[in-house]
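Colleague: I have a few labels to challenge. Show me the model, then defend them one by one.

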Amino acid sequence: PDGPAWTTAGGRSALDALAELAPAYVGTDAGQAGKVARAVSLAGGDPRAFGGLDLIAIIEAAYDPATGRYHPSFAFRHTLAVEALHRAGVEVPPAAIMALRLAQLPDGGWFWSFNQDAGAERSDVDTTGRVLLLLGGLLDVRDPCAYRLAGAYLSGMQLPGGWNDGQTEGAPANANSTALALAGLNAAGIDPQGALYQKGGQDVRTTLLTFQEPSGAF
């Protein structure tokens, strides 16, 4: 993202743009900082010195040792903060991992908020995929029972081929939810091409490719 293929005629790269946008976007939010920091780390940059920010310090300052959370209410943003620390080579506190494991709901998935009064009577597809990707893939947490429950939840929420967010009744499948579910299943060691995920005669990967637009974007 800092190379010639991503650089305009004016000499501005995608990473330059991110550095300019980051301060207003991040503020003091650990999840927003995590979203930027993981991109910086993967691009070979330094998340401790990017756009005039120490993104890792912002994340660490938000940590609540009493709850293990990097965000008081948003589980989805907590996953972004934890991923950013891991990708930056910073040790993730065990309590931060346990906070996610304890947030799994009876239906097998995860909800975007830690707070039950926010409407967490059922999980959502996007957060479930994110948590599986983080725990099962990046952090290599072994919990096959939890992952089987999550896999069953995702199977139950699947539309023909793909997924919507699981919260918007009647909404069609979309690229974002489908990609997050697919990535999460793979990370948890569950075959998304298996019989559980063959809905309407369409397999998941084929469905994901149908969301690609003529521009090449999804």
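Modeller: What follows is a set of questions on confidence, helix packing and one ring pair.

Colleague: What makes the model fit to discuss residue by residue?

Modeller: The model is predicted. Its average pLDDT is 93, and 97% of the residues score at least 70. Local features need pLDDT of at least 70.

Colleague: Where is confidence lowest, and where highest?

Modeller: It is lowest in helix α9 (residues 204-210), at a mean of 88. It is highest in helix α3 (residues 55-61), at 98.

Colleague: Why are α6 and α7 called roughly antiparallel?

Modeller: Helix α6 (residues 125-138) and helix α7 (residues 144-157) pack at about 150°. The cut-off for roughly antiparallel is over 145 degrees, so the label applies. Their axes lie 11 Å apart, and the crossing is left-handed.

Colleague: Which residues make that contact?

Modeller: From α6 come V125, T128, L132, L135 and G136. From α7 come Y147, A150, Y153, L154 and M157. Eight of these residues are nonpolar, two are polar and none is charged.

Colleague: Why is α4 called roughly parallel to α6?

Modeller: Helix α4 (residues 75-87) packs on α6 at an angle of about 25°, with the axes 10 Å apart. Angles under 35 degrees count as roughly parallel, so α4 earns the label. This crossing is left-handed.

Colleague: What is the make-up of the contact of α4 with α6?

Modeller: Six nonpolar, three polar and four charged residues. On the α4 side, E83, H86 and R87 are among them. On the α6 side, D126 and R130 are included.

Colleague: Why is α5 called oblique to α6?

Modeller: The axes of helix α5 (residues 94-102) and α6 cross at roughly 135° and come within 11 Å. Roughly antiparallel needs over 145 degrees and roughly perpendicular runs from 65 to 115, so α5 is left as oblique. α5 passes α6 in a left-handed crossing. I97, L100 and R101 of α5 meet V131, L134 and L135 of α6. That contact holds five nonpolar residues, no polar and one charged.

Colleague: How many aromatic pairs are there?

Modeller: Four.

Colleague: Why is the pair of W163 and Y197 called tilted?

Modeller: The ring centres of W163 and Y197 are 6.4 Å apart, and the cut-off for a pair is within 6.5 Å. Their planes stand at 50°. Stacked needs under 30 degrees and edge-to-face over 60, so the pair is tilted.

Colleague: Where do the two residues sit in the chain?

Modeller: W163 is in the loop between α7 and α8 (175-187), and Y197 is in the loop between α8 and α9. They are 34 residues apart, so the pair links distant parts of the chain.

Definitions and conventions:
Residues are numbered from 1 along each chain as its sequence is written. This is a predicted model: local features need pLDDT of at least 70, side-chain atom pairs count only at pLDDT 80 or more; totals for chains, interfaces and linings use all residues. Side-chain values use heavy atoms; hydrogens and water are left out. Axes are lines fitted to C-alpha atoms, for helices over the stretch in contact, and angles run from 0 to 180 degrees between N-to-C directions. Helices (H or I, at least four residues) and strands (E, at least two) are DSSP runs, numbered from the N terminus. A crossing is left-handed if the near helix is turned anticlockwise from the far one by less than a right angle, and right-handed if clockwise. Contact means heavy atoms within 4.5 Å. Ala, Val, Leu, Ile, Met, Phe, Trp, Tyr, Cys and Pro count as nonpolar, Asp, Glu, Lys and Arg as charged, and the others, Gly among them, as polar. pLDDT is the predictor's confidence in each residue, from 0 to 100. Rings of Phe, Tyr and Trp (its six-membered ring) pair if their centres lie within 6.5 Å; planes under 30 degrees apart count as stacked, over 60 as edge-to-face and the rest as tilted.
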